Amino acid sequence: MSTKQPTKNIVKTAWHTFMSSSVWRWFQKAIVLIIFSLVANHIAASDNFLGNEPYRFPIEGFLSSILLCILIGIIAHINFNFYTNKYFSKKVETVTIAKFMASTLGYVTIMYVPVNIIISLISDSQIEFYYVLIGLLITLLLSFILIGLWYAQDLYNLYQLSIKDAEITIENGARITKLTYENIFCFYSENKIVYTVQKDGKTITTDFTLNELEEKINDQLFFRANRKIIIHKDAVDQIEKIENGKLRILLKASIENDTIAEINISRYKRKAFMNWFQ
């Protein structure tokens, strides 16, 4: 039996995993920043035009702009995560997006001036506040464009999730029930039947499997704890650390059922759960 095919499949799987990972997204952003810095620094001065004699590669400007872009990227990433956890995971609105952009540009402004002063001191060049101000305005304009492009897809995905957040239709034979997500505590499977537990403790059987529900619901609000249960973030009452790096989850609803009375999160899912919950 040839080993070429399994090896090819492994490489193909690894490539698809990389392409869909956050590492690939950061790699894309890094390429865009490098290209942007090269273009911006080459058109900033006539001496830097390709083909001119003598040509001088703008190494100082290139490195400075790369450093500045990295700092802006870090600021935008931290602020976007904050807004996602506090606002975007529930509802994506134009006002909230505007606040995110304004606050991010505000942080960029606070960072820009001292960084330019430090760079000027290191390069032993004179600080001219007029050029610092012009540079700040240009940086804010470009930051607005780049940040908007970087997070457009993320905001669209969150918007799609916020639409699905309104309600879900539970089918049980001939009966159809519509429930808002805020009234659902969890979904759990027992004896190959999936049940929905509401805030008031009422239980409804469904025709879905947990895998089907996992595809339908908002993963900002729900978490697949294990193969038997999906829990709502607001349903979590207590989190306890137990042996072997596991977590024990106690829900607010008092349902006398062994499946949801005590939920264990494996050590492999612990980090994902804490990132989701926090």
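This is a tour of a predicted model, with stops at two nonpolar cores, the salt bridges and one strand residue.

**Stop 1: the largest nonpolar core**

Select I72, F80, F88, F100, M111, I147 and Y151. These residues have the most contacts inside the largest nonpolar core, a set of 26 residues. To see where the core comes from, colour helices α3 (59–88), α4 (94–122) and α5 (129–164); each of them supplies at least two of its residues. The largest share comes from α5, with 9 residues. As background, nonpolar side chains in soluble globular proteins tend to be buried together.

Now centre on I72 and display its surroundings. Neighbours within four places in sequence aside, I72 is in contact with V108, M111, T139, S143 and I147. Two of the residues selected at the start of this stop, M111 and I147, are therefore among the contacts of I72, given the 4.5 Å heavy-atom limit for a contact.

**Stop 2: a separate core**

Clear the selection and pick F185, I231, I263 and F273. They are among the 19 residues of another core, which lies apart from the one just visited.

**Stop 3: the salt bridges**

How many salt bridges does a search of the whole structure find? The search finds 2.

For one of them, select R224 and E214, whose side chains meet with an N to O distance of 2.9 Å. R224 belongs to strand β6 (residues 222–226) and E214 to helix α6 (residues 210–216), so the salt bridge ties together parts that are 10 residues apart in sequence. Switch on a surface to compare the two partners. R224 is buried, at a relative accessible area of 14%, while E214 is partly exposed, at 37%.

Next, select R248 and E240. This pair also forms a salt bridge, and its closest N and O atoms are 3.0 Å apart. Both ends count as partly exposed: R248 has a relative accessibility of 22%, and E240 has 28%.

**Stop 4: I176 in strand β2**

Finish by selecting I176, which is part of strand β2 (residues 175–179). Is I176 buried or exposed? Its relative accessible area is 58%, so I176 counts as exposed, the cut-off being over 50%. I176 therefore cannot be a member of a nonpolar core, because such a core is made of buried residues.

Show the residues around I176 next. Leaving out those up to four places away in sequence, I176 touches T169, I170 and E171. Finally, draw a distance between the C-alpha atoms of I176 and T206: the separation is 9.2 Å, for residues that are 30 apart along the chain.

Notes: Residues numbered from 1 in each chain as written. Predicted model: local features only at pLDDT ≥ 70, side-chain atom pairs only at ≥ 80, totals over all residues. Heavy atoms only, no water. Helix = DSSP H or I, 4+ residues; strand = E, 2+ residues; numbered from the N terminus. Buried < 20%, exposed > 50% of the residue type's maximum accessible area, 1.4 Å probe, protein only. Core = buried A, V, L, I, M, F, W, Y, C linked by side-chain atoms within 4.5 Å. Salt bridge = Lys/Arg side-chain N within 4 Å of Asp/Glu carboxyl O.
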